[in-house]
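User: Please take a close look at one part of this structure. I would like to know what surrounds it and how it fits into the rest.

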Amino acid sequence: MSKNAISNSVIRRLPRYYRFLGELENNDYIRISSRELAEKMGLTASQIRQDFNCFGEFGQQGYGYNVSELRTEIGKILGLDSLKPMILLGAGNLGSAIAAHLDFKNRGFELIGIFDANKSLVGKEIGELKVTDIEELEDFCKERSPEAAILCIPKDAAVTEAEILISYGIKAFWNFTHYDLKMAYKDVIVENVHLGDSLTTLSYCINSLDKK
Ligand code: NAI
């Protein structure tokens, strides 16, 4: 089945399946039933069967799923079999933490450049890279053709830089700023991350528990 036919809600669940299957592989699991996987993941067996049926005939009656095959297939659907070159703008608190601690390669990306407008940060080592002056962005993009960018800069700067990045060929953004990129550019791929929204959801959950 083609990727396009898989619904967005299934795609959203795939990284978690991928992670769990990786843990099972590390624990020497060869196969697992949908019931056992459901128990481990806090889902229902029928949900798991439905999800996996979207992308092929993996399960076998009485056998379950081959852990390694299923993980490989999910990895392919997630595009993890090719590394997309990515850059990061903003080597401040958030950007530095992301650049230093995230395992990009296991998530389908290679971080190839970190840029900042603050000259005092230029040359600073973060992980395997050094912070580059934002003034060198154009030449860098011409030479290395990054496909995706992480935005860890102030909102106002994001408004300006997003337009520039798109003109340099960036197609996808991992956006931590509060700039609503998708409203401004319909054709770019945007994944917004808002830790604050997640925290607010936690507040809601505690609040609704109190009212029961
Ligand atoms: P910070 O002030 O520590 O870092 C921002 C960095 O961006 C600075 O090093 C600054 O020199 C650089 N910068 C400014 N203009 C630039 C430009 N045009 N090009 C390149 N670099 C530029 O700020 P922090 O705390 O790291 O936050 C960064 C962004 O992330 C902010 O927009 C903030 O609101 C947002 N944020 C989002 C979170 C989320 O969950 N989505 C959580 C925390 C922060």
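Analyst: Strand 3 and strand 4 pair in the parallel sense, over six bridges. Strands here are DSSP runs (E, at least two residues), helices are DSSP runs too (H or I, at least four residues), and both are numbered from the N terminus. Two strands pair if DSSP finds at least two bridges between them. Within this pairing, P85 stands opposite E110 in strand 4.

This is a predicted model: local features need pLDDT of at least 70, side-chain atom pairs count only at pLDDT 80 or more, and totals for chains, interfaces and linings use all residues. Residues are numbered from 1 along each chain as its sequence is written, and side-chain values use heavy atoms, with hydrogens and water left out.

How many residues of strand 3 are buried? Six of the six are, so strand 3 is largely enclosed by the rest of the structure. Buried means under 20% relative accessible area, exposed over 50%, and partly exposed in between (1.4 Å probe, protein chains only). Both faces of the strand are covered. K84, M86 and L88 are buried on one side. P85, I87 and L89 are buried on the other.

Now the cover. Helix 6 (residues 137-144) lies across strand 3 (84-89), strand 4 (109-116) and strand 6 (129-133). Helix 6 runs at about 160 degrees to strand 4. Axes are lines fitted to C-alpha atoms, for helices over the stretch in contact, and angles run from 0 to 180 degrees between N-to-C directions. Contact means heavy atoms within 4.5 Å.

Next, the sheet. It is open, has seven strands and follows the order 5-6-4-3-7-8-9, with mixed pairing. Strand 5 (125-126) and strand 9 (189-192) stand at the edges. Each has a single partner strand, so one side of each is left without a neighbour in the sheet. Strand 7 (residues 148-151) and strand 8 (residues 172-175) run parallel, joined by four bridges. There, A148 stands opposite A172 in strand 8.

Last, the cysteines. A search of the whole structure finds zero disulfides; a disulfide is a pair of cysteine sulfur atoms within 2.5 Å. For C141, the nearest cysteine sulfur is that of C152, 16 Å away. C141 counts as buried, at 4% relative accessibility. C152 is buried as well, with a relative accessible area of 14%.
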